[in-house]
Structure formats: C-alpha cells, structure tokens
Amino acid sequence: MKIFLVILCGILLFSCVSVTKDTNGIVLNDEPYRPQVHFSPDSMWMNDPNGMVYYDGEYHLFYQYYPDSTIWGPMHWGHAKSTDLIHWERMPIALFPDSLGWIFSGSTVADENNTSGLGTKENPPLVAIYTYHNRPLEDTGVNNFEYQGIAYSTDKGRSWTKYEYNPVLPNPGIRDFRDPKVFWHMESNRWMMILAVQDHVSIYSSPNLIDWTFESNFGEGTGAHNGVWECPDLFPMETGDTTKWVMLVSIGSGGPNGGSATQYFVGDFDGHTFISEGTKTKWVDYGKDNYAGVTWSNVPTEDRRRLFIGWLNNWQYANEIPTGKWRGAMTVARELELVEVYNDFLLVSRPVEELQSLRGKEQQLKPETVSGELEIKKSLEFPIEVSLHFDTKNSSAVNFAERFGIILSNANDQKLLIGYDNLNKLFFIDRTEAGWDSSNNEFAGKHFAPYINNDPILDMHLIIDRSSVELFAKGGLVVMTEQFFPTESFNSIKLFSEHGEIPLSEGTLWPLSSIWNEGIRKLKHKK
Ligand code: FRU
C-alpha cells in the first residue's frame, strides 16, 4: 500500500510540475548542457540581457533573441519574467524588427509619472528604449544606421507598442551608436541616458523619454580600449557614508583573458558629467564568459540592492558553442556591492540570496589538510553549490601547495580545474583539457584573476551548472565565470593540491534543484 501511494504521489507530482515535453516526447530543459539554475531560451539564439526592470512584483528580463536560428541574426527582444530572480517564465517575443531596423540592446524604465504621456496617470507605462540597427542602410556604406527608438507597455510588459514617431534619438553620423541605458536622476528631476559611442559613452538628458539633449562624453583615452564600447550602465552606490557612481562598460574584445568582458569605473556624476577616480582598469568578472551585463531598474527602494545579470558567453566563440537547439544563457542574477579596499573602490558580486532556496541537503566537509587529491562527493550531479575556505597561514601544513582547488573530471580524462596558484598569487580556471574547443582555439585555455587582498583565509564559492562555473572568491571581490563542454558529463569532484599541501578549514556542498524540472529532481533525490 505504502509503495502504491509513493508511486501515485510520484505520478501526480510528475504531471503537476512544469515539465513540458516536445513533440518527440523528450523532456524539455534536460539536455546534457542545459543550464539548470540559469536562464536560457527554450530554443534558438540569445545574447545580451536587455530592458531589465522590476514592476509590480515581477522582474522582467528581455534579451537579444533571434528566433529563426542558433546563429546571431536579425535581433528581436525575447522576454522572460520571474518573481524571485531564480525561476523564469518564458514569455512571447516582446519586440520584433520593423521597417526602421533590427532591435538591438537597450533598457526599460517604469515611467511612474507618465512623463512620456504614453500611458495615463492611473496606469503609467513601462517604456523600453532600444537601438534600431538598420541593416539595409548599413549595407549602403553610410555611418548613420544605428539610432534609438522607444516602445511602451500598459499591461505590465505583456504587450508592446512602438512609439509612432521613432526614432527619438537620431544618429549624428557615427557608426557605433547604441545600447541606451536610461535611469531617473532624482537630483535634477529628469531622465538620463548613457549610450555607447565607439570608444566612449555619451550622456543625454530628457524630461519625457522622447526629447533628448546631449550632456557630455566620457571615456576617450580612459580604461580598456581594445574593442568597441558596448552596453554601458551608470548608477549610484553607497559605501559607508559615501555615495559613488559606478559606470559599467562592456568591450567586444580585449578582456583580461581575451575576447569580450565588462570593465567598470567608479567616480562622481552631477547630472551632466561623469568623472572617474583612478586610472587602473577594473573588471566586473575575470572569466571569459560574462558579457554585456547591466543592472535592473526600478528595484524597490526598500530592497536597496543593485541587481545584475550578464550574458554567459564570449563573442570569440559565441556562435559555435555546442549547446544544442538553443545557444546562450545568462549568469545567475547577482547583487553588486561597492567596497573600499586599500583606498580604492571595488565592486563585489555575489549570487542573489534567493538562489539559496534551491539548496538541497547540506554536506559538510571535515577540516583537513589536503595533499594530492581528495574526492568530496559520491554520485556527482549538477547543479551544485560549493563553499571552501583554505587557510594559507595554518602552521600544520609543512609545505604549502603551489596550486590547489577543485577538479571536475570524467572517465574520458577530461577535466576542469578551478583554483588558486600560490606561486603567482592568481585564481584560475583551466579548461585546457575540459573537452570542446572553438575553431579559433580561444575556448580551451587557462584563465587568471588577481588575488586583490592579502587575507590568509582564502575562500572560494562556486555555482556549478551542467556547462558553466561561477567562482566568487575573496567574498566576491574576484569573480570568474566560464563555460565548459565535456563530451561526457563530469562525474567526479575532488579537492587537489600540487607540490605540497593545503589546509581546508571549512567546506560545504549543496545540491541545487533545477529551476525548470524541480519536481523531477526532488523525486530523483527521494529515491
Ligand atoms: C553586445 C552587442 C550590442 C548590440 C547587440 C546586438 O553584445 O554587440 O552592442 O546592441 O550585441 O545583438
């Protein structure tokens, strides 16, 4: 009887959870490389996150989407929404290309006071501000084929109407003129737009999201410039008693480990001009796979968080990754914080705390000195969250390891190493032998991040999904996000130390349930 009841409950649970099957009867979202705790489109091509806005209890995530291919092409805005930044509901396409062009990256604001007049006082609109990329015009050889348009929704982002008199910001004759991020500037009571313009950003202001006035430029000769500037963001952050403005700027190539990456500047903004402090180039993420990330607008003031999400990919090989019927995923949603370290302002990133709701039964590792390799979990399944503290001052270790960390491996001798190089004082992710490589060999390789500060406790927090790892080290001061595609799933997870030993002072593992097939995984774990 008991067995019968268990089976019956199982069948019921199976049919209640959002397990959808395609026409071949295959369970969706369960492919070998399918991210289980990250957003990915059901099928086809996705790149940058766009128009992220919180409104009426829902976090919206729009994204660059091409519904007809897994290769980049005529851009649309895809759409997903969530109430917790973790579970995403895929929504119909929000914006389609039209006679003015393809719909490139941009932002969405809640126009609460109906400054645009596109809604009503009682039902104010959401307004999306995006770039039109006019391909036929580009093909004629002129430079003015990118300009900004707007669209609005008065039904909480479900349907969108393009503004009748687009574009709202025409092109002044500049080739790269795109990716508007708009925010309300309280002090001057008007909207501000930050726009990527080739090798700098331009700032514009507007009373109504329709009429825009140029304010200033920033960036020529400052920061990293080995690629075109794209997808900027600008927002205030408090640290102690100080408020600073942080500017994010993505660059298409020339990141710290090659290819696309996102740099940031910290400084002051007076409603007209941004002035950056310091000259050192700072990176949001040192891994190769976090690009075009920006932050959510309209997050309630009581929440106080600055919420970020990035595209988990790199233009060097984005069109080639072997995922399957979809191509592209987002990072986990992250909270950004600004901290003062050694008289410098630095960004800290952490997975949003909502992610913890996916944690299954916690497994504690016993503190011990690791020498060689040590298996830390039997029957490994992804996604998994891992937290490790190594004590680099512990006197019980005779001879400190030159390198230590975690190895994921499979029976095909493929392995991914995530760790710390004690000789060179660098964190690293080594996917040289992790399986798939791109045709330009830019994928397989060893990638590094600096140590930043000298605390003897070296912490590593990892979110490992079926084809990606996110490393948050030093409390989130050092971040590395990378993909991996072994020919067979990694089924072993070990701690390792090379040329010496390393004391592990704390270690915890949590299996994470899938955001798509939660019911199935819970059932599996019960067995
Ligand atoms: C960044 C980017 C943006 C552009 C979009 C096009 O990845 O190149 O500058 O708006 O992608 O899809």
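Below is a short chat about a predicted model, covering its domains, ligand site and backbone details.

Reader: Before I set anything up, is this predicted or experimental, and what are the domains?

Author: It's a predicted model. The chain splits into domain 1, residues 43-354, and domain 2, residues 360-511.

Reader: What separation do the centres of the two domains have?

Author: The centres of domain 1 and domain 2, taken over C-alpha atoms, are 32 Å apart.

Reader: And how many residues are in contact across the two domains?

Author: On the domain 1 side there are 28, and they contact 27 residues of domain 2.

Reader: What area is buried there, and how much of it comes from carbon and sulfur?

Author: About 2,300 Å² is buried between domain 1 and domain 2, with carbon and sulfur atoms giving 57% of that. Within the area that domain 1 buries against domain 2, Tyr-286, Leu-312 and Glu-320 supply 21%, more than any other three residues.

Reader: OK, electrostatics. How many salt bridges run between the domains?

Author: There are 3 salt bridges between domain 1 and domain 2. Looking at individual pairs, Arg-334 forms a salt bridge with Glu-470, and their closest N and O atoms sit 2.7 Å apart.

Reader: How many residue pairs are in polar contact between the domains?

Author: The count is 19 residue pairs between domain 1 and domain 2, with both residues at pLDDT 80 or more.

Reader: Which strands on the domain 1 side supply residues to that face?

Author: Strand S21 (334-341) and strand S22 (344-351) each supply at least two residues of the side of domain 1 that touches domain 2. The largest share comes from S22, with 6 residues.

Reader: How does that side break down by residue class?

Author: The side of domain 1 that touches domain 2 has 14 nonpolar, 8 polar and 6 charged residues.

Reader: Switching to the ligand. Which residues are around it?

Author: Here's the set: Asn-47, Asp-48, Gln-64, Trp-72, Met-75, Phe-104, Ser-105, Arg-178, Asp-179, Glu-230, Tyr-291 and Trp-315.

Reader: Give me some polar distances. How far is an oxygen atom of the ligand from the side chain of Asp-179?

Author: An N or O atom in the Asp-179 side chain is 2.6 Å from an oxygen atom of the ligand. For Trp-72, a side-chain N or O atom is 3.0 Å from a ligand oxygen. Asn-47 has a polar side-chain atom 3.1 Å from an oxygen atom of the ligand.

Reader: Arg-178 is on your ligand list too. Which residue does Arg-178 form a salt bridge with?

Author: Glu-230, with the closest N and O atoms 2.6 Å apart. Glu-230 is also among the residues around the ligand. The pair links distant parts of the chain: Arg-178 is in strand S9 (residues 177-185) and Glu-230 is in strand S13 (residues 229-239), 52 residues apart.

Reader: How many salt bridges does the count come to?

Author: It comes to 36 salt bridges.

Reader: Now backbone oddities, since I'd want those right in a topology. Where is there a cis peptide bond?

Author: One joins Asn-166 and Pro-167, with omega about 0°. Pro-167 lies in the loop between strand S8 (161-162) and S9. The peptide bond from Phe-382 to Pro-383 is cis as well, with omega near 5°. Pro-383 lies in the loop between strand S24 (368-377) and strand S25 (384-391).

Reader: Last one: what's the phi of Met-44?

Author: Met-44 has a positive phi of about 75°, although it isn't a glycine. Met-44 lies in strand S1 (residues 44-55).

Definitions and conventions: Residues numbered from 1 in each chain as written. Predicted model: local features only at pLDDT ≥ 70, side-chain atom pairs only at ≥ 80, totals over all residues. Heavy atoms only, no water. Domains from an automatic or database assignment. Contact = heavy atoms within 4.5 Å. Buried area = accessible area lost by both parts, 1.4 Å probe. Salt bridge = Lys/Arg side-chain N within 4 Å of Asp/Glu carboxyl O. Polar contact = N/O pair within 3.5 Å; in protein donor to acceptor, adjacent residues only side chain to side chain. Helix = DSSP H or I, 4+ residues; strand = E, 2+ residues; numbered from the N terminus. Nonpolar A, V, L, I, M, F, W, Y, C, P; charged D, E, K, R; others polar. Near = heavy atom within 4 Å.
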